[in-house]
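How do the strands, the hairpins and a pocket fit together here? Please look over the sequence and the structure before reading on.

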Amino acid sequence: MKDKIYILLLLLAVALSSCLTSKKVNLLQEPDGKDIPSYVDTLSFEDYRIRTDDRLYIQVYSVDENMTKLFNQGLSNTSIRYQMRNGGGDMYGTNELYSYLVDDNGNINYPMVGELNVRGKTTREVKHLLEEQLAGLVNGLGNFQMMSVDVQVINRFFSVIGAVQSARVPLMKEKLTIYEALALAGDIADYGDHSKIRIIREIEGETTIRTFDVRSKDIINSEFYYIEPNDVIYIQYMPGHTFGINHVTTTISVVATTISFGGFIYALVQRSINAAERAKSGGK
């Protein structure tokens, strides 16, 4: 009898140890210095700086219709402009046709301006640089004072893999948080390890892997809070997730079923033993 109780208690302990608790999955938890880490206030969001292999969407606006046509060859189609500015426009190579690739030297080749170094600059800095260059070209040809340039980085994506609905997601805004990124990917799956989220980030050929605990409230003030273009977010599974049980009700159900099945097997074995003993005694 004691052996049966011991086995049942062992089964119950195993089932309960596999049960997910709110501590394991809740976000914005207060750091406790033990399970939930505290992060130093390192948040300092900076505008994205253009890198090699980026593609730039550039459009010139002017009150002079001829100048607008001159610098926007092929971009008169409103739908093409909209798609490119909102993460689309890939069909039939639209992005390649109507955007400017940053080469290995950090340059783009812009019509009538020639090579222009843009690597390491923000889109705002490139905008001002182009406006100065174009103003010098068209001086005396029209109302260049009313000319402005729009510069955006297109083909901006981040990827999510692991214990989540894996996806490559367009980066539709400059300041996308880790919470928004996970929401776009369908959130972390059951038994995804919230305590060891990894971001794989490549900047100018150098790859870094950063690991952090997304449960910590301090994450909103840390360097991990904002996602950058081409980031890969990896979420590993908790150890032993295959045998995990999500809820207390499920745990009780599993334990009850295990006890019932164990009792059934025990009764069968005991009946077989008794039958064998009777047969043995009757044969004497």
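What follows is a walk through a predicted model, taking its sheets, its hairpins and one of its pockets in turn.

A convenient place to start is the open sheet of five strands, whose order is β7-β6-β12-β9-β10 and whose pairing is mixed. At its edges lie β7, residues 167-170, and β10, each of which pairs on one side only, and from one strand to the next the twist averages 20°. Strands of a sheet pair through backbone hydrogen bonds, and they may do so in either a parallel or an antiparallel sense.

Both senses can be followed here by moving along the sheet. Strand β6, residues 157-162, runs parallel to strand β12, residues 232-237, and four bridges join the two. Within that pair, valine 160 stands opposite isoleucine 233 of β12, while the bridge partner of isoleucine 161 in β12 is tyrosine 234. On moving to the pair of β9 and β12, one finds that the pairing is antiparallel and extends over five bridges, with isoleucine 197 having isoleucine 235 of β12 as its bridge partner.

Strand β9, residues 192-203, also runs antiparallel to strand β10, residues 206-212, and seven bridges join these two strands. Isoleucine 199 can be used as a marker for this pair, since it stands opposite arginine 210 in β10. The strands β9 and β10 form a hairpin with two residues between them, and in this hairpin glutamate 204 takes a positive phi near 50°.

A further hairpin is made by β3 and β4, which have three residues between them, and methionine 112 in the turn has a positive phi of about 70°. The strands themselves, β3 at residues 107-110 and β4 at residues 114-117, pair in the antiparallel sense over four bridges, and tyrosine 110 stands opposite glycine 114 in β4.

The next sheet to consider is an open one of three strands, in the order β2-β1-β5, with antiparallel pairing. Its edge strands are β2, residues 100-101, and β5, each pairing on one side only. Two bridges join β1, residues 55-61, to β2, and arginine 55 has leucine 101 of β2 as its bridge partner. Helix α6, residues 123-138, lies across β1 and β5 and runs at about 140° to β5.

In the loop between α2, residues 22-25, and β1 lies threonine 52, whose surroundings bring together several parts of the chain. Leaving aside residues up to four places away in sequence, threonine 52 touches Val102, Asp103, Asp104, Arg119 and Glu204. The last of these, Glu204, is the residue with positive phi in the hairpin of β9 and β10. With arginine 119 the link is a polar one, for the side chains of threonine 52 and arginine 119 are joined by a polar contact of 3.0 Å.

Which residues lie nearest the centre of the second largest pocket? They are Tyr48, Thr52, Asp53, Asp54 and Asn230, out of a lining of 20 residues. The elements that give two or more residues to this lining are β5, residues 148-154, and β9; β5 is an edge strand of the three-stranded sheet, whereas β9 belongs to the sheet of five strands. The space in the second largest pocket comes to about 350 Å³, and the residues of its lining divide into nine charged, seven nonpolar and four polar.

Methods: Residues numbered from 1 in each chain as written. Predicted model: local features only at pLDDT ≥ 70, side-chain atom pairs only at ≥ 80, totals over all residues. Heavy atoms only, no water. Pairing = 2+ DSSP bridges. 1 Å grid on protein atoms, 1.4 Å probe; cavity = no way out; pocket = protein on both sides within 12 Å on 5 of 7 lines; lining within 4 Å. Points joined across faces, edges and corners; volume = space filled by probe spheres on them. Nonpolar A, V, L, I, M, F, W, Y, C, P; charged D, E, K, R; others polar. Axes fitted to C-alpha atoms, helices over the stretch in contact; angles between N-to-C directions. Contact = heavy atoms within 4.5 Å. Polar contact = N/O pair within 3.5 Å; in protein donor to acceptor, adjacent residues only side chain to side chain.
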